[in-house]
Amino acid sequence: MHSPTLVIVSAILAALITTVLYAVWYFNKNIPGLGLWTLSFLVASVACTSLVARNVLPEVLSVALAQGCMALVAYICLLGGRAYMGRPPWRHHGYAAAIILALLLLSAYFTAVQPRPGVRFVLAGLFVGPCFLLTAHTLARGGFSHAPVRYLVAAAMGAHGLFALLRPFLFKLAVPVEGQAPDNHLLELVPQIVMLEGTLALVLIGFGALMLAHEYTTRELRHLAEVDALTGVFNRRAFLTLLDKAISGAQRTQTPLPVLVIDLDHFKKVNDTWGHRSGDDVLRHFVLLASRCLRKEDVMGRLGGEEFAIFVPHADAAGAAAVAERLRALVE
């Protein structure tokens with residue numbers, strides 16, 4: 001395929017993916033990281049457009065625009081990955097800006113003063129590659145069986161980051177050894193491979209961002225369907241479903257499954273005296289107290305009103321009674 005054609009295709013795809021991501025983000029602004037990924041594809045569209053117009057732009061400006069935009073794409077993508085995974089905000093923007101500025105100055109030098117295209121590719125890969133690899137490392141969390149989309153997107157980003165680091169070797173292979181005639185076919189093929197990989201990465205990462213948005217929405221809907229909105233523990237339906245599964249497991253292994261059923265005394269008096277908002281505070285406070293004396297494997301649910309239940313796997317009657325007494329003492 002002709003390299004200029006690949007550049008034009010990449011520019012069109014980047015613009016289309018940016019438009020789709022923006023539309024999804026506009027109606028789902030609560031999805032963490034989606035706005036940053038939309039911005040990164042907008043910057044990628046600018047980079048692709050600068051490559052399309054490189055014949056009419058000064059070479060230094062074209063190179064600086066492309067290099068700077070691709071560095072920004074990688075960095076913003078990393079910020080989006082951290083936001084999606086709930087990581088703390090990145091506080092080292094100044095260092096990133098200094099590195100990108102240094103890359104731009106070096107790229108300008110190796111364009112106008114000492115033209116070295118190979119060096120420019122090395123410089124670009126030194127920033128873009130690690131950023132995409134870090135994004136892949138950030139997303140690959142939670143276990144493949146529970147969050148397969150994250151791992152698939154991480155694989156695409158990691159492969160793109162690795163290629164960005166290794167692509168200078170492709171150009172080195174295309175450069176003839178001293179005394180040998182250049183292989184024109186290889187010299188033409190290498191830029192096409194680079195552009196083809198960039199286009200493929202653009203599509204895969206774009207669709208990956210959309211898949212992550214869908215994963216987040218699905219997870220939130222499942223959370224709303226299973227969790228009591230007031231207290232944060234399982235609602236009645238979800239708790240009873242989990243209890244049925246736990247009972248089946250206990251029957252297979254012939255082990256006891258203690259269940260604590262809890263009713264808060266005088267709760268109606270709290271509502272009648274101080275209002276329902278204070279009653280809500282009491283329920284939340286009770287759940288906070290209960291969490292202090294439960295293990296990770298213990299499951300708590302709200303059956304309705306001031307009624308709660310807890311099942312305690314892998315415990316005997318004496319252990320369950322001890323848990324109940326600790327909870328009673330805390331509430332008292």
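**Exercise 1.** With which residue does R284 form a salt bridge, and how far apart are the closest N and O atoms?

*Solution.* The structure in view is a predicted model, and the steps below are read from its atoms. First, look for the partner: R284 forms a salt bridge with D281, and the closest N and O atoms of the two are 2.7 Å apart. Next, place the pair in the fold: R284 and D281 both belong to helix α10, which covers residues 276-292, and they are 3 residues apart, about one turn of that helix. Finally, consider how accessible the partners are: R284 has a relative accessibility of 37% and is therefore partly exposed, while D281, at 40%, also counts as partly exposed.

**Exercise 2.** Find the salt bridge between R219 and E215, state where in the fold the two residues lie, and decide whether each is buried, partly exposed or exposed.

*Solution.* Begin with the contact itself: the side chains of R219 and E215 meet in a salt bridge, with 3.5 Å from N to O. Then turn to the helix: because R219 and E215 are 4 residues apart in helix α7 (residues 184-226), about one helical turn separates them. For the accessibility, take the residues in turn: R219 has a relative accessible area of 28%, so this residue is partly exposed, whereas E215, with 12%, is buried.

**Exercise 3.** Describe the salt bridge between D272 and K268, and say whether its partners are buried or exposed.

*Solution.* The first step is the distance: the side chains of D272 and K268 meet in a salt bridge at 2.8 Å, N to O. The second step is the position: D272 and K268 lie 4 residues apart in helix α9 (residues 267-274), so that about one helical turn lies between them. The third step is the accessibility, and here both D272 and K268 are exposed. To set these pairs in context, the structure as a whole holds 9 salt bridges.

**Exercise 4.** How many disulfides does the structure contain, and what is the distance from C69 to the nearest cysteine sulfur?

*Solution.* Start from the cut-off: a disulfide requires two cysteine sulfur atoms within 2.5 Å of each other. By this rule, the count is 0 disulfides. C69 takes part in no disulfide, and the nearest cysteine sulfur, which belongs to C48, is 9.3 Å away. To complete the picture, check the accessibility of two cysteines against the limit, since buried means under 20% relative accessible area: C69, at 9% relative accessibility, counts as buried, and C293, with a relative accessible area of 8%, is buried as well.

Definitions and conventions. Residues numbered from 1 in each chain as written. Predicted model: local features only at pLDDT ≥ 70, side-chain atom pairs only at ≥ 80, totals over all residues. Heavy atoms only, no water. Buried < 20%, exposed > 50% of the residue type's maximum accessible area, 1.4 Å probe, protein only. Salt bridge = Lys/Arg side-chain N within 4 Å of Asp/Glu carboxyl O.
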